[in-house]
Each structure stands twice: as structure tokens, then as C-alpha cells.
Amino acid sequence: MVCAESQLTNSDVAMHLAASGGMSLFDMLKRYAFSFYGVVVRIEELRNWARLLAENSSSYSAPTKADKTKREGMIAALKEMRTECENLDLTHTSSLISFAESEVQRKGDDYTYADMLKELDTLSFSFATELRRNGCFRIATEKDRYFQKNELFGALVNSAFPSCADEIEHAGTCYALEQNEACVFHLMRILERSLGVLASKFKVPFDHDNWHKIIEQLEAAIRKMDSTFGLDWKDKQKFYARAANQFMFFKDAWRNHVMHVRDVFDEGRTRSVFDSVQGFMQALAEGGLKE
């Protein structure tokens, strides 16, 4: 087969990749769906250009030395990929990328396609190996804002209920990772902490996990509110009565079901629970309830 660099097409590269066998960077990319799609595709394209030209280096029409454009393209792509590897803690691959960069710069015009193929084959193997060992995952773009975020319910909620901050972050992270029941579980723990705050305000015992009894005692205490709670006691009574009623709804609709393995929560239901609990906690904080 006689191949000149100018004669190669994307289809030539694609066909050679399909026929070459083994786990390539592109194969790993398809499996793990990383955000640095573009840089990996560019590196894989360079790798296959290098393979085709290195394998046909005996032909008078196939150049053996990598031209300046290809070398610059390789350095640019390697620089971007090294940054991504460092973010993912792929330390071995990152060090190999640094070495490959230095080799391209050291050899300059003497850098060959055989050199490029050797460097990129080694890089491909290391990249695939580290990915398998590290167990990576992908988060859907629309869920990225929920992953490991510490103020998903807002700063006011975190300030009013500091003991809920970690639970809120865990709920968001579980939602982002599609761990729906775990997300609802953390949301119910958030509610339980805030229920405890409300019970404490009315001196209702909170030494057991029977929400129904706690809420019934709260409702009885709220009905007994009078002017000793201040001039605006009627407004406060309305606020606390609505809060107690909402806790009873949460208990019957979701809390009992997730705690006692009675139900399965798909993405839609989980998002509905998340939004409801978020809005409720914001209302409690805005209404002045706090730890």
C-alpha cells in the first residue's frame, strides 16, 4: 500500500482504527464519555496518521518526519489532555504526556512519525489502564449543578439550619449520580432535623422516630398559641400550623415509603421531592425558624 500524507482522509483513519484492534483512546472515550471529547479525538487522529505513515515509511511518497503543523497540533492536544488528566488524578498518564511533549520539542524537525506512534501508543495504553483502575463516571450536563454543591437550598437555609448543610449536599450529589432512593433518604433526614427544631420550639418530646405522634403533639401545642407569643401571634400560629401540616404530608407521601422500603423513586419523582423539600426549607428559614 502506497500512502502519501496528502492522500490520507478521515475515512482512511477511521477504517484503520477499526481494523487495528485493541482498546484505543477512542474506545475508552466512548465507554466513559469524558468531557474532553475533542482533545482525545484529536490525539487519536494523530496516532492513526502516525501509524499509517510509519508503517509505509519505506514508500518514497510517505514522509518519515512529522511536519511542523502535526508537531504543533500534537503539543497543543497533549497540553490540554495533561490538564484533564491532572484533574482526574491520572498521574502516570500525565507524566507520560509531559515526557512526550519534551521529546517533540527536543527533536524538533527530526521528530518522526515512528516517534509519534511510539509516544501515542504508550499514552493510549496508560490512559486506558488508569481509567479502568480509577473507576470513573459521567454526570449528565443538566445535573452537574447538583454535584457536590454546598448551598443548593440557598445561604439562608444553611444559616438557619447548619446541621442540614451536609445532608443537603449529599442529597444533591445522590441526585446527580442517579441514586434516587438515596437522594430521597437524605431529603427526609433534612426534614427530620427541621421537625426537631420545630418540636423544640414548642417543647414537644423528640426522643423517638414516630413522626405522627410528634406532629400531633405539635398541632395541639400550636392550637394553644395566644398573645404570649407576641402581638403577631396569629400570623405565627398560621405559619407553624401550615408547617406542621406539611410535615404530615411529607411523612405520608414520601418519608414512610423510603424509610420502610415501600416504594421506588424514579428521576421524575425524585426531582419533585427535591424541589418540594427545597421550597419548604426555604419557607421555614424565611419564616424565622432556625436552630
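A nonpolar core is a set of buried Ala, Val, Leu, Ile, Met, Phe, Trp, Tyr and Cys residues joined through side-chain atoms within 4.5 Å, where buried means under 20% relative accessible area, exposed over 50% and partly exposed in between (1.4 Å probe, protein chains only). The model is predicted, so that local features need pLDDT of at least 70 and side-chain atom pairs count only at pLDDT 80 or more, while totals for chains, interfaces and linings use all residues. Residues are numbered from 1 along each chain as its sequence is written, and side-chain values use heavy atoms, with hydrogens and water left out.

**Exercise 1.** Determine which residues have the most contacts inside the largest nonpolar core, and which helix gives the most to this core.

*Solution.* Begin with the core itself, which has 49 residues and in which Phe-153, Phe-161, Leu-187, Val-277 and Met-281 have the most contacts. Next, list the elements that give two or more residues to this core: H7 (155-160), H8 (165-176), H9 (180-201), H10 (211-223), H11 (233-259) and H12 (267-286), helices being DSSP runs of H or I with at least four residues, numbered from the N terminus. Of these, H9 gives the most, with 10 residues. Finally, turn to Leu-187: once its neighbours within four places in sequence are left aside, Leu-187 is in contact (heavy atoms within 4.5 Å) with Phe-153, Ala-171, Val-273, Phe-274 and Val-277. A second, separate core of 25 residues includes Val-39, Met-74, Leu-120 and Leu-123.

**Exercise 2.** Describe how buried and exposed residues are placed around helix H4, and examine both of its ends.

*Solution.* Helix H4 runs over residues 68-87 and reaches 29 Å from its first C-alpha to its last, close to the expected 28 Å, a span defined as 1.5 Å times one less than the number of residues. Its buried residues are Lys-70, Arg-71, Met-74, Ala-77, Leu-78, Met-81, Arg-82 and Cys-85. They lie on the same side of H4 because they cover an arc of only 150° around the axis, taken from the directions from the helix axis to the C-beta atoms. On the other side of H4, Lys-68, Thr-69, Lys-79 and Asn-87 are exposed. At the start of H4, a side-chain oxygen of Asp-67 comes within 3.2 Å of the backbone nitrogen of Thr-69, and just after the helix Asp-89 takes a positive phi of about 60°.

**Exercise 3.** Classify Gln-246 as buried, partly exposed or exposed.

*Solution.* Gln-246 lies in helix H11, and its relative accessibility of 27% makes it partly exposed.

Definitions and conventions. A polar contact is a pair of N or O atoms within 3.5 Å; within protein, one must be able to donate a hydrogen and the other to accept it, and residues adjacent in sequence count only if both atoms are side-chain atoms.
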